[in-house]
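User: I am new to this structure and would like to learn how to read its features. Please take me through them step by step.

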Amino acid sequence: MGSKVIYLHKLGRMPYLAAWELQKRIAMQVMNNIRCGREPGHRLLLVEHDPVYTTGLRKDDYTPEVEAELRQTGADFYRTNRGGLITFHGPGQLTAYPILHLKSFSPGIKWYVCALERTVIRTLRVLGITAQTSPHTGVWVGDNKICALGLQGRHVTTHGLGLNCNTDLQWFDHIVPCGIPDKGVTSVTRELGREVTIQEVEPHFLEAFSEIFNCKVVMSQPDFDEAKGIPSHHV
């Protein structure tokens, strides 16, 4: 399978809801490209969110009272259509949303999950951290999760992953991350014993992503970043 082109959009700091609405618009465009016989125009969005707790499809445990308590921490709270349970996104976390026509890469979601996990493991290895997968989704350093995954879409993917770089891990004290008790969370900064920013991690992540997905990552056109809208990549 030949190398694909994926358009990269660095969105900077952005509220969760704005990024989610953007994902939906782009996913619709990718699907329309496929239906019209055009190249998909795969995208990779990189963003750093304002503090937010999000739940996945299994949301029964999160009552309005729990939501109110979490909002009192100063974070937003949203119920989403991704897989998985509750997690946190916020400053110091590299959040990546690949919006891909999945069949252009592989026929199944299992391959996609494994590819994202391998991308993060390779990124961390370059930084000097030995990480691994576990029976639980995500990437782990021992019993501590360093990167959470929450995905949606069997045709065009949305949602993605959150890799803790220099995240304030106290935000996770208010929840059971991903619904997994007796496990902890960690960050690149904690593991290396020095401050490691998103900006330091990002180029290693992009290199690993391009290798694992056998793709060429191309920066988006400026009009996208100025308007935060949908670029016209009808290749």
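User: Where should I start, and which residue of β5 is the bridge partner of T54?

Analyst: Keep in mind that this is a predicted model. Strand pairing is a good place to begin, and it can be read residue by residue. In β5, T87 is the bridge partner of T54. The strands behind that bridge are β3 and β5 (residues 87-89), which pair in the antiparallel sense over three bridges.

User: In which sense do β3 and β4 pair, parallel or antiparallel?

Analyst: The sense of a pairing is read for each pair of strands. Strand β4 (residues 76-79) pairs with β3 in the parallel sense, over four bridges. T55 has R79 as its bridge partner in β4.

User: Are the faces of β3 covered or open, and how do I tell?

Analyst: Look at the residues on each side of the strand and ask whether they are buried, that is, under 20% relative accessible area. β3 covers residues 52-55, with V52 and T54 on one side and Y53 and T55 on the other. These four are all buried, so both faces of β3 are covered.

User: Next, the interior. Which residues touch the most other members of the largest nonpolar core?

Analyst: A core can be read through its best-connected members and then through the elements that supply it. The largest nonpolar core has 37 residues, and those touching the most other members are L44, L124, L161, L163, F205 and F213. Two or more residues each come from β1 (4-14), β2 (42-49), β6 (93-99), α3 (109-127), β7 (139-141), β8 (144-152), β9 (158-164) and α5 (198-212). Of these elements, α3 gives the most, with seven residues.

User: What does L124 touch?

Analyst: Leaving out residues up to four places away in sequence, L124 touches I129, A131, V139, I146, L163 and V188. There is also a second core, separate from the one above, with 15 residues, including I26, A27, V30 and I99.

User: Now the backbone. What is notable about phi of H159 and phi of N214?

Analyst: Here one checks the sign of the angle and the residue type, then the setting. Phi of H159 is near 60°, a positive value in a residue other than glycine. N214 is likewise a residue other than glycine with positive phi, in this case near 50°.

User: Where do H159 and N214 lie, and is each buried or partly exposed?

Analyst: H159 is in strand β9, and it counts as buried because its relative accessibility is 1%. N214 is in the loop between α5 and β11 (215-219). With a relative accessibility of 38%, N214 therefore counts as partly exposed.

User: How do I describe a pocket, and how much space lies in the largest one?

Analyst: Give its volume, then its lining, then the classes of residue in that lining. The largest pocket holds about 440 Å³ of space. Its lining has 25 residues, and G83, G84, T137, L149 and G150 lie nearest the centre. β5, β8 and β9 are the elements that give two or more residues to this lining, and β8 gives the most, with five. By class, the lining has twelve nonpolar, ten polar and three charged residues.

User: Which residues line the second largest pocket?

Analyst: The lining consists of K10, L11, G12, R13, L46, V47, E48, Q93, L94, I198, Q199 and E202. This pocket has about 150 Å³ of space. The largest share of its lining, four residues, comes from β1. Five of the lining residues are nonpolar, three polar and four charged.

User: How many cavities of 30 Å³ or more are there in the whole structure?

Analyst: Cavities are described in the way used for pockets. The search finds two of 30 Å³ or more. About 60 Å³ of space lies in the largest cavity, whose lining includes T87, F88, Q93, K145 and I146. β8 supplies the largest share of this lining, four residues. The lining divides into seven nonpolar, four polar and one charged.

User: What is the volume of the second largest cavity, and which residues line it?

Analyst: The second largest cavity has about 40 Å³ and is lined by W140, K145, P177, I180, K183, G184 and V185. Four of these residues are nonpolar, one is polar and two are charged.

How values were computed
Residues numbered from 1 in each chain as written. Predicted model: local features only at pLDDT ≥ 70, side-chain atom pairs only at ≥ 80, totals over all residues. Heavy atoms only, no water. Buried < 20%, exposed > 50% of the residue type's maximum accessible area, 1.4 Å probe, protein only. Pairing = 2+ DSSP bridges. Core = buried A, V, L, I, M, F, W, Y, C linked by side-chain atoms within 4.5 Å. Contact = heavy atoms within 4.5 Å. 1 Å grid on protein atoms, 1.4 Å probe; cavity = no way out; pocket = protein on both sides within 12 Å on 5 of 7 lines; lining within 4 Å. Points joined across faces, edges and corners; volume = space filled by probe spheres on them. Nonpolar A, V, L, I, M, F, W, Y, C, P; charged D, E, K, R; others polar.
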